[in-house]
Amino acid sequence: PIDRRGNKGTFKWLCEQYFGSAEFKRLSPRTQYVRRRILDGVCQRDGAKPYALLEARHVRKLRDDKAATPEAANGIVKALRQLFSFAVEYELSERNPARDVPYIHSASEGFHSWTMEEVAQFEARHEVGSKARLALALLLYTGQRRSDVVRLGPQHIKDGWLTLTQQKNRSRKPVTLSIPVLPDLQAVIDDTLTGNLAFLVTAFSKPFTSNGFGNWFRKQCDAAGLNHCSAHGLRKAGAALAAENGATERQLMAIFGWSTMKEASRYTRAARQKVLAASGMKHLSRGKS
């Protein structure tokens, strides 16, 4: 880490105040690590400058310098928004120069969403009873992120219901879910040797870390000839499947733990478009109905 002991009024000094604040300490360890790295990078370049002189045009320049990698560019904007939100709240600044700087919209749709054919291909390679098949079932039939799936164990299931508190935003805005255990998932769990406190464990009988699980599952996808598929893509596939089967936005929010309708509406809109297209395509036919 860089030396953040800047003179009062410098950008480096403001970061030092933020990192020591209760606001920052409420963030998850992972978020703290990422945000420190981003702001440390800005400090290395502009740490000695007065933070009061930072304007929106400077934030846009920092963002645009990373335009080739939109996620990194947006990460800088988000970190500066949060830093100056803290500064305004604690009366260290009268304004937030990053507040109105928009994120860069990426043309990428993110992680590939599995098709049901790809799910079947994975299942054909990894039979029931294997750790890989259990991992697939937990991801697909719970709709949870890999950071939550690696923590799931027998203690989370009671009377046919699975209850968990999601890891994301756990220290700030915890989301606790109770979802029914589908028969397809229960059948795979019953036929698989699992860990005691975590269904999925490493070769050393230890629970996976989120990143470790992601790397391991990536190899299981490769073994099934699905090099473009990932653990996160199964969450997207589950949301699409539920929406296509008629799940409402509120129901999707209850399953996946989303706090707003924005994410859920993406899937319900796509599902409605598919249904409408199926019923409307007959009108393009030149033959008699």
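## The three-stranded sheet

In this predicted model, strands β2 and β3 run antiparallel and are joined by five bridges. One of the facing pairs between them is formed by Leu164, which stands opposite Leu177 in β3. On its other side, β2, which covers residues 161-165, is joined to β1 by two bridges, and these two strands also run antiparallel. Here Lys158 stands opposite Trp161 in β2.

Taken together, the strands make an open sheet in the order β1-β2-β3, with antiparallel pairing. Its edges are formed by β1, residues 157-158, and by β3, residues 176-180, each of which pairs on one side only. The two faces of β3 can be told apart by their covering: Leu177 and Ile179 belong to the covered face, whereas Thr176, Ser178 and Pro180 belong to the uncovered one.

## The loop between β1 and β2

The loop that lies between β1 and β2 contains Asp159, a residue other than glycine whose phi is nevertheless positive, with a value near 55 degrees. Asp159 has a relative accessibility of 71%, and because exposure begins over 50%, Asp159 counts as exposed.

## Helices α1 and α3

Helix α1, made of residues 11-19, packs with helix α3, made of residues 29-46, at an angle of about 160 degrees, and the axes of the two helices are 9 Å apart. Because an angle over 145 degrees counts as roughly antiparallel, α1 is described as roughly antiparallel to α3. The crossing in which α1 passes α3 is left-handed.

On the α1 side, the contact is made by Phe11, Lys12, Cys15, Tyr18 and Phe19, and these meet Arg35, Arg36, Leu39, Asp40, Val42, Cys43 and Asp46 on the α3 side. Sorted by character, the residues of this contact between α1 and α3 comprise seven nonpolar and five charged ones, with no polar residue among them.

## Two further loop residues

Glu91 is found in the loop between α5, residues 70-89, and α6, residues 116-125. Its phi is near 60 degrees, which is a positive value in a residue other than glycine. With a relative accessibility of 72%, Glu91 counts as exposed.

Glu127 is placed in the loop that lies between α6 and α7, the latter being residues 131-142. At 60% relative accessibility, Glu127 likewise counts as exposed. Although Glu127 and Val188 are 61 residues apart along the chain, their C-alpha atoms are separated by 9.7 Å.

## The chain as a whole

Beyond the elements described so far, the chain as a whole contains 13 helices and three strands. The C-alpha trace spans about 70 × 60 × 35 Å along its principal axes. Of the 289 residues in the chain, 39% are buried.

The contacts can also be viewed by their separation in sequence: among those between residues at least 6 apart, 57% join residues that are at least 24 apart.

Terms used:
Residues are numbered from 1 along each chain as its sequence is written. This is a predicted model: local features need pLDDT of at least 70, side-chain atom pairs count only at pLDDT 80 or more; totals for chains, interfaces and linings use all residues. Side-chain values use heavy atoms; hydrogens and water are left out. Axes are lines fitted to C-alpha atoms, for helices over the stretch in contact, and angles run from 0 to 180 degrees between N-to-C directions. Helices (H or I, at least four residues) and strands (E, at least two) are DSSP runs, numbered from the N terminus. Angles under 35 degrees count as roughly parallel, over 145 as roughly antiparallel, 65 to 115 as roughly perpendicular and the rest as oblique. A crossing is left-handed if the near helix is turned anticlockwise from the far one by less than a right angle, and right-handed if clockwise. Contact means heavy atoms within 4.5 Å. Ala, Val, Leu, Ile, Met, Phe, Trp, Tyr, Cys and Pro count as nonpolar, Asp, Glu, Lys and Arg as charged, and the others, Gly among them, as polar. Two strands pair if DSSP finds at least two bridges between them. Buried means under 20% relative accessible area, exposed over 50%, partly exposed in between (1.4 Å probe, protein chains only).
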